[in-house]
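Dear colleague,

I am passing on the structure we spoke of, and my notes on it follow below. Please read them with the model open beside you.

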Amino acid sequence: MNTPDFQPRLVGFLCTWCAYGAADKAGTAQRPLPPNVHLIRVPCTGRIDPQFVLSALQQGADGVVVVGCHPGGCHYQEQNYRAVQRHHLLLKLLTQLGVDPGRCRLGFAGASEGEVFTRLMTDAVDAVRSLGPLRLAMVPPPGETSVDP
Amino acid sequence: MKVGVFLCTCGTQVSQKVDPAALGPRLRPLPGVAFVEEVAFACGTDGKAAMHAMLTRERPDAVVVAACSVREHEETFRGVLSGAGLNPWMLQLVNVREHIAWVTPDAAQAVDKAERQVRAAIARVQQQAPLARTTLPVNPGVLVVGGGPAGLAAALKLAEAGRTVTLVETRSILGGAPLTYDEVAPSMECGSCLLEPLLARVFHGELAPRLTVHTLAEVTALKGSFGHFTATVRRRPRFVDTATCLGCMACVEPCPSTLPNAFELGLSTRKAMDFEHFGGLPSVPVLEPAGCLRTLGDECTACRDACPVPGCVDLDARPTELEVPVGAVVVATGAGQPPREALTPFGLGALPVVWTQAELERRLSSSGPTSGRVLMPSGGPPESVVLLHGAGAPDEATLAVTASTLGARAARLQRQLRAQHPSLAVHHVFVHRAASDAATFQLQEQARAEHRGEWRQVPDLARVRVAPAPHGAHVDTGEGRPLDAGLVVLLTPPLAPPSLRSLAQALGLPLDAAGWPRPAHPVLERQRTPVRGLVVAGACAQASSLADAFAAGTAAAGAVLADLVEGRHVVLEPEVAMVDAARCSGCKACFGSCPYHALSQAPRGRVAVVNPSLCVGCGACVATCPSAALTQQHFTDAQVLAELAEAFR
């Protein structure tokens, strides 16, 4: 379902230092942002358990975007590299589960880079919009119970 | 749980897009919501007073404020909560201004988005638990490891500020690298002269009562954390009591045993009972067990018999260990050198006319093995010298980074050599040319102007070959004609000291792949490390000139004084990781995820424990734990998942 009027719903996990700061800067600049991304603040991208991403998709998100500090700029030394490692493993898992890995993105934005933040969000929403709504075969819709074949 | 919700209008900044009249009715029916209240400027005096009144009247268990950035006003609203008798961690602040009102052109979409974000916050806050910062008193005493320029500078500055300082030095004398230099760049002062006033202050000045010096000593372990460390200091015996020794040398002469003098790099010999060097303090001899006849089973007591002070020489002394409680540690152990294997390609060891820079320095020293005369094996002075800048550098980066330091040293050595032998031709072979300050540049320019010899820039040192020749050596630099050399000197770059690896392990100091300590921030915090209370200074932290090392020692003292203040308490944030011992399998996966060394094995049993004074609350260990045994307070899985679930309800 690749319709231009499809409004995907995404979750954006933001580290509290650079990414949240970049989101604030984007706001201060009053640059329009698609309203499709639900923002969740975490201390560091290193805190993001891949379960959070899977849970977001399971709850109804069509995509997830994780934003952290630039490589080398992590406020906790190296934890954003850990996030990168987990992200790549997660993409493999999603592929195996039949989920297009393009639904999950990892980006970096410095605390002063409001423009970068806006672009990351806009690109992620556009990418997921072109992929259409996420359909998880394994997860029964709310209210129905799964039946073993 | 009763949740109170405040919707800040920020004048009209929020309400022009996110109208409380539209949003409020959608939130009031939600489970747990006790009230939804509009506030004009929540951060202003009136706004805070209005919130205070509402909170004291309604007494909710938790509060959601929809206003602006966490970075701007989380602390403000936490203050309002605690002022009203609520726990400040029972707050969720939703940034509806920057993240929604200012960036969502369509008002209806803005209200929809705000509704989801505030609903998620209402769900999350009900999963939150009351938390509090805790405090611990600090020990204002400081341990300084290393008695060279950086360590001395740090120790003296700390003592000047009234601090009790324990200074640990592995040699028998303080002073470090300048002890080995007859002159230091760029001032061309003698190394010992530079040190003398500093060492006098450490041992005899008004600061001396606050400074405890342990020579022949090493730090073998560090327990605890910032504000309350306990260091284990292991001291090798000197066999001479520094408190009562007169420095009269009566014990040296009768000693029947000689051994190679390590301080003079084996270029001369010393007695087993002898002074390590005369340029440093304390001016007290040290018995070298490796050369003492007693080590070989003999009953020699010649030194003790000759000593005029009863009990001063104790031939039965044993290594001792002591525990030193301190609040912070300054690591200043000095630079390392390339291993000898890295220098053999340049003929070191095979050709008697190839010397290391250190060997030349000792020969140039008036207190050195040749009383300052540079003489070749033939007995005469060299006719020409080739200085090979950066020999033994492990990589291109080292050559580039140390070019200024090596250039200054080369200029100084040229000056010292030509002061002795004015007709001497001095050739320089180097890859990079650099000067980190004006004085260094001037020194190098002067050397270039007055040189007799060639300054030859080469693309790399790998192609340099040193071959024997009748008059000494041929230095083939890979291009141009080979340089004739009566003497070849290998100017070795200062490197990350290999000895730092074991010390770093003992201290829990994080190192990078090249073996350098990692700074807390590469620009803002060069002296602090990721481990609070561990501070680095001087050539053990980065390639430094002597001036850099003294400055870094002062900066390190400043970093310690700013953080470790007498009477102050360490404030511990509550947003730290916690271990559920019942779930922990003891796999230690979390240890590697923490660059702050906050995780360790419980003293009894196999489970992990978190040191809350080291944990910085990044949460990476929580996501690493395969058993869900770790949680992070205020960022628990349950809290994040509650937020997610409500957003998609």
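Counted over all chains, the structure, which is a predicted model, holds 34 salt bridges. Side chains of opposite charge can pair when their charged atoms come close, and three of the pairs are described here one by one.

In chain A, the side chains of A:Arg82 and A:Glu78 meet in a salt bridge, with 2.7 Å from N to O. A:Arg82 has a relative accessibility of 16%, and because buried means under 20%, this arginine counts as buried.

In chain B, B:Asp316 pairs with B:Arg294, and the closest N and O atoms of this salt bridge are 3.5 Å apart. B:Asp316 lies in the loop between helix H8 (302–306) and strand S15 (320–326) of chain B, while B:Arg294 belongs to the loop between strand S14 (286–287) and H8, so this salt bridge ties together parts that are 22 residues apart in sequence. The arginine of this pair, B:Arg294, is partly exposed, its relative accessible area being 23%.

A further salt bridge of chain B links B:Arg463 to B:Glu479, where the closest N and O atoms are 3.7 Å apart. Here too loops are involved: B:Arg463 sits between strand S20 (455–457) and strand S21 (465–469), and B:Glu479 between strand S22 (472–476) and strand S23 (483–485), so the pair ties together parts that are 16 residues apart in sequence. B:Arg463 is partly exposed with a relative accessible area of 40%, and B:Glu479, at 37% relative accessibility, also counts as partly exposed.

Apart from these pairs, salt bridges that share partners join A:Arg41, B:Glu74, B:Glu75, B:Arg78, B:Arg133, B:Glu573 and B:Glu575 into one network.

As for chain B as a whole, it contains 17 helices and 30 strands. Its radius of gyration is 33 Å, well over the 26 Å that the globule rule gives for 649 residues, so chain B is more spread out than a compact globule. The C-alpha trace of chain B spans about 100 × 65 × 45 Å along its principal axes.

Of the 649 residues of chain B, 54% count as buried, and among its contacts between residues at least 6 apart in sequence, 69% join residues at least 24 apart. Chain B exposes about 26600 Å², of which carbon and sulfur atoms supply 54%. Finally, chain B has 56 positive and 59 negative charges, and the mean positions of these two groups are 3 Å apart.

With best regards

Methods
Residues numbered from 1 in each chain as written. Chains lettered and ligands numbered in written order. Predicted model: local features only at pLDDT ≥ 70, side-chain atom pairs only at ≥ 80, totals over all residues. Heavy atoms only, no water. Salt bridge = Lys/Arg side-chain N within 4 Å of Asp/Glu carboxyl O. Buried < 20%, exposed > 50% of the residue type's maximum accessible area, 1.4 Å probe, protein only. Helix = DSSP H or I, 4+ residues; strand = E, 2+ residues; numbered from the N terminus. Rg over C-alpha atoms; globule rule 2.2 N^0.38 Å. Contact = heavy atoms within 4.5 Å. Areas by Shrake-Rupley, 256 points an atom, 1.4 Å probe, with all protein chains shown as cover. Lys, Arg positive; Asp, Glu negative; His and termini not counted. Charge placed at Lys NZ, Arg CZ, Asp CG, Glu CD.
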